[in-house]
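User: I would like to go through the labels attached to this model one by one, and to see for each of them which value stands behind it.

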Amino acid sequence: MTITYFQFQSGFGVPNPSPFCMKGEILLKMADVEYATEIIDDPRKAPKGKLPYLIDSGAEIADTALIKRHLETKYGVDFNTGLTAEERAISHAVARMIEERLYWVMLYSRWIDDHNWPIIKNFWFGSMPPVIRNLVPMIAQKQVKSGLQAHGIGRHSVQDIYAFGIADLEALSVQLGQKPYMFGEKPSSLDATAYPIIANSLVDELPGPLLDAAKSHANFLPYIQRCEALWFPDFKQ
């Protein structure tokens, strides 16, 4: 039975403005399994209230970490073939840096930053009927603010929040170096996590310290072009 993969719409010149939705689809491509995509605008319809998720033979799998584990377990996929135990440990740690801190800095830059929030609001909510077009974004932004506070990163100054993200992008650039992919000639699970966040950091429509930092690393643009050609060759910006 074909897997059905549920994710957000594309936008901002990247295959998906959600790094997690990009990651999940890349994992499916790396696993070389057949799947169909469905676009959802309201993540509240998802099993855990967030995207992405997939349905495989009736089983709902939500969260990209669990999607990865599902593909490894059911289909015998090893996303890190050829990596040493040390490299696998580094991959795990860097992925956690991306998803548990850099992602939250990106969330702040999009949903809280005074310049970018109107752009994000129009993208996600601009097509709604007039009555709810103003109400729903306020509720959504309030939820994001609460999430940032609960995480802890929202308790810092703007300068410190962006400094965290800039440091994380620097670490990713150093890890990549002049290699085609994060660990060499062959992509691994870390690329499924790193490429989406780097690509989303290079969105020109959303300027700020993250975009400036991402542009300062000369190895990022060739990297995302390489990854896009590999995993999204038919993507039209």
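The exchange below takes up the sheet, its helices, a few loop residues and the cavities of this predicted model.

User: Why is Pro15 called buried?

Analyst: Pro15 has a relative accessibility of 11%, and since the label applies under 20%, Pro15 counts as buried. Its place is in the loop between β1 and α1, where Pro15 touches Ser10, Met22, Tyr195, Phe232 and Phe235, not counting residues up to four places away in sequence. The C-alpha atoms of Pro15 and Ala199 are separated by 9.1 Å, although these two residues are 184 residues apart along the chain.

User: Phe12 and Ser57 both carry a remark about phi; what makes them worth a remark, and is each of them buried or partly exposed?

Analyst: Phe12 has a positive phi of about 60° although it is not a glycine, and Ser57, likewise a residue other than glycine, has a positive phi near 55°. Phe12 belongs to the loop between β1 and α1, and its relative accessible area of 13% lies under the 20% cut-off, so Phe12 is buried. Ser57 lies in the loop between β3 and β4; at 45% relative accessibility it falls between the limits of 20% and 50%, and Ser57 therefore counts as partly exposed. The hairpin of β3 and β4, in which Ser57 takes this phi, has two residues between the strands.

User: How do you know that β1 pairs with strands on both sides, and in which sense does it pair with each?

Analyst: Two strands are taken as paired if there are at least two bridges between them. Five bridges join β1 (residues 3–7) to β2 (residues 35–39), and these two strands run parallel, whereas β1 and β3 (residues 53–56) pair in the antiparallel sense over three bridges. Thr4 illustrates both pairings, with Ala36 as its bridge partner in β2 and Ile55 standing opposite in β3.

User: What makes the pairing of the sheet mixed, and why are β2 and β4 called edge strands?

Analyst: The four strands form an open sheet in the order β2-β1-β3-β4 with mixed pairing. The edge strands are β2 and β4 (59–62), as each pairs on one side only. Neighbouring strands of this sheet are turned by 20° against each other on average, direction ignored. The parallel part comes from β1 with β2, and the antiparallel part includes β1 with β3 as well as β3 with β4, which pair over four bridges. In that last pairing Asp56 stands opposite Ala59 in β4.

User: How do you know that β1 is mostly covered, and which of its residues point which way?

Analyst: Five of the five residues of β1 are buried, and on that count the strand is described as mostly covered. Ile3, Tyr5 and Gln7 point one way from β1, while Thr4 and Phe6 point the other way. This fits the general rule that in a regular strand the side chains alternate between the two faces of the sheet.

User: What is the handedness of the β-α-β unit, and where do the helices lie?

Analyst: The unit made by β1, helix α1 (residues 19–31) and β2 is right-handed. Helix α1 lies across β1, β2 and β3 and runs at about 160° to β1. Helix α2 (residues 64–75) lies across β1, β3 and β4, and runs at about 25° to β3.

User: What makes the bond between Leu51 and Pro52 a cis peptide bond?

Analyst: The value given for this cis peptide bond is an omega of about 5°. Pro52 lies in the loop between β2 and β3.

User: How many cavities are there, and which residues lie nearest the centre of the largest one?

Analyst: The count comes to two cavities of 30 Å³ or more. About 90 Å³ of space lies in the largest cavity, which is lined by 13 residues, with Ser109, Asn200, Leu206, Leu210 and Leu211 nearest its centre. Helices α3 (85–111), α7 (189–201) and α8 (209–215) each supply at least two residues of this lining.

Conventions
Residues are numbered from 1 along each chain as its sequence is written. This is a predicted model: local features need pLDDT of at least 70, side-chain atom pairs count only at pLDDT 80 or more; totals for chains, interfaces and linings use all residues. Side-chain values use heavy atoms; hydrogens and water are left out. Buried means under 20% relative accessible area, exposed over 50%, partly exposed in between (1.4 Å probe, protein chains only). A crossover is right-handed if, with the strands pointing away from the viewer, the path from the first strand over the helix to the second runs clockwise. Axes are lines fitted to C-alpha atoms, for helices over the stretch in contact, and angles run from 0 to 180 degrees between N-to-C directions. Contact means heavy atoms within 4.5 Å. On a 1 Å grid over the protein atoms alone, a cavity is a set of points where a 1.4 Å probe fits but cannot get out, and a pocket is an open set with protein on both sides within 12 Å along at least five of seven lines; lining residues have an atom within 4 Å of a point. Grid points are joined across faces, edges and corners, and a volume is the space filled by probe spheres set on the points.
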